[in-house]
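Q: Please take a close look at one part of this structure for me. I am a first-year student, so short steps would help.

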Amino acid sequence: MQQLIKNLVEAYGPSGFEDEVRALIRAEIEPFADEISVDAMGNLIALKKGNGSGKKVMIAAHMDEIGFMVSHISKEGFLRFANIGGVSNLHLSGTRAKFADGTIGVIYGERRTDRSKIGGLDKFYIDVGASSSDDCPVSVGDAGIFWQTFVERGDHLSSKAMDDRVCCAIGVAALQQLEDSAHDVYFVFTVQEEVGVRGATTAANRIMPDIGIALDVTLTGDTPNGAKMAVDLGKGPAIKVKDAGMIAHQGLVRLMRGAAESAEIPHQLEVLLGGSTDARAMQISGPGVIAGCISVPCRYVHSTSETVSLSDVKNSVKLLLEILGNPIDL
Ligand SMILES: [Zn+2]
């Protein structure tokens, strides 16, 4: 599991450029899926057929990560950029940028004398080691990611792009291990979640599932002076009740809690004040879909050291398999 997570989180895949991630996932799941396809948006859709007596279930985990796109190159060779997704200016200076061709840049902010003031993204630039716009190895329109390698520290795993590759790994593991389900399960590895759940929207409109379950990370409330939130790292997958974009289907929340209890899987309930997931897209797709989300607690979301607990990851696989292995009567 750790090796799969490492391979996925270190892959390059800002929103709209998910090809490398998709190829990695496809190689993992191809032998286990009954049907596999890629739609026009780039979503990877893998069907694991049931015995015909169950529901049509869509599982969604997003392949894309936050990043940036070069918007301007100065004559001295410094890059300015637009955000792709929820990029925070609080964590940028000193981080590294990586482009599709492997070019690495250092990100830094314009000189500030007042430490209490951090400028907007327009005050940051990327230094790729060029001395002028002529010898700059990247172009306007090139996309990049915030680069950091994977590290395992006991039960804690840290890297960029845990959001949401760790959940791609959970989806892969569940697909590989799922046997004898009554349900037709569509495992969808979605694109462009970070810019507004775009891939999940079109995939759900195509599949028209009875039940939609997103797999994504959520914030925790267990760090010094952190958010007041009743989710801790290492205390099990969080069953989403509400976030800023959706209220989960109460029957599905009950079913998830029941599955966790009967299989003795540690779990917690998530009420997230901001943000949303692919579950929102599924819920309001087509004529409306019963939707919920299994969330992996994650510290430092949208930084280059997003941190999850391996035991939470393994318990998320267990919970998903427990749900898919039993009747879904709501
Ligand atoms: Zn996410």
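What follows is a walk around helix H3, from the metal site beside its start to the helices packed along it.A: This is a predicted model. Begin with the zinc ion. Its protein donors are His62 (NE2), Asp163 (OD), Asp216 (OD) and Asp216 (OD). They lie 1.9 to 2.7 Å from the zinc ion. Asp216 appears twice in that list of donors.

Now consider the geometry. The four donor atoms subtend angles of 51 to 146° around the zinc ion, so the arrangement is irregular. A tetrahedral site would need all angles between 85 and 135 degrees.

Next, trace the donors along the chain. Their spacing is H-x100-D-x52-D. His62 belongs to strand S3 (residues 56-62), and Asp216 to strand S13 (residues 211-218). The two residues are 154 apart, so this pair links distant parts of the chain.

The donor Asp163 also takes part in an unusual-looking backbone step to follow on screen. The peptide bond from Asp163 to Asp164 is cis, with omega near 15°. Asp164 lies in helix H3. Look also at Ala161, in the loop between strand S11 (156-159) and H3. Its phi is near 65°. That is a positive value in a residue other than glycine.

Now move to helix H3 itself, which covers residues 162-177. Its partner here is helix H2 (residues 19-29). The two axes come within 10 Å and cross at roughly 20°. H2 and H3 are therefore roughly parallel to each other. Their crossing is right-handed. On the H2 side, the contact is made by Val21, Ile25, Glu28 and Ile29. On the H3 side, Arg165, Cys168, Val172, Leu175 and Gln176 take part. By class, this contact has six nonpolar, one polar and two charged residues.

H2 has another helix to meet. The axes of helix H1 (residues 2-9) and H2 come within 9 Å and cross at roughly 155°. H1 and H2 are therefore roughly antiparallel to each other. From H1, Leu4, Asn7 and Leu8 meet Val21, Leu24, Ile25 and Glu28 of H2. This contact divides into five nonpolar residues, one polar and one charged.

Put the two contacts side by side. Val21, Ile25 and Glu28 of H2 meet residues of H1, and Val21, Ile25 and Glu28 also help to make the contact with H3.

Conventions:
Residues are numbered from 1 along each chain as its sequence is written. This is a predicted model: local features need pLDDT of at least 70, side-chain atom pairs count only at pLDDT 80 or more; totals for chains, interfaces and linings use all residues. Side-chain values use heavy atoms; hydrogens and water are left out. Axes are lines fitted to C-alpha atoms, for helices over the stretch in contact, and angles run from 0 to 180 degrees between N-to-C directions. Helices (H or I, at least four residues) and strands (E, at least two) are DSSP runs, numbered from the N terminus. Angles under 35 degrees count as roughly parallel, over 145 as roughly antiparallel, 65 to 115 as roughly perpendicular and the rest as oblique. A crossing is left-handed if the near helix is turned anticlockwise from the far one by less than a right angle, and right-handed if clockwise. Contact means heavy atoms within 4.5 Å. Ala, Val, Leu, Ile, Met, Phe, Trp, Tyr, Cys and Pro count as nonpolar, Asp, Glu, Lys and Arg as charged, and the others, Gly among them, as polar. Donors are N, O and S atoms within 2.8 Å of the metal (3.2 Å for Na, K and Ca); water is not among the atoms, so sites may look incomplete. Four donors count as tetrahedral if all angles lie between 85 and 135 degrees; four count as square planar and six as octahedral if opposite donors are over 155 degrees apart and all others between 65 and 115; anything else is irregular.
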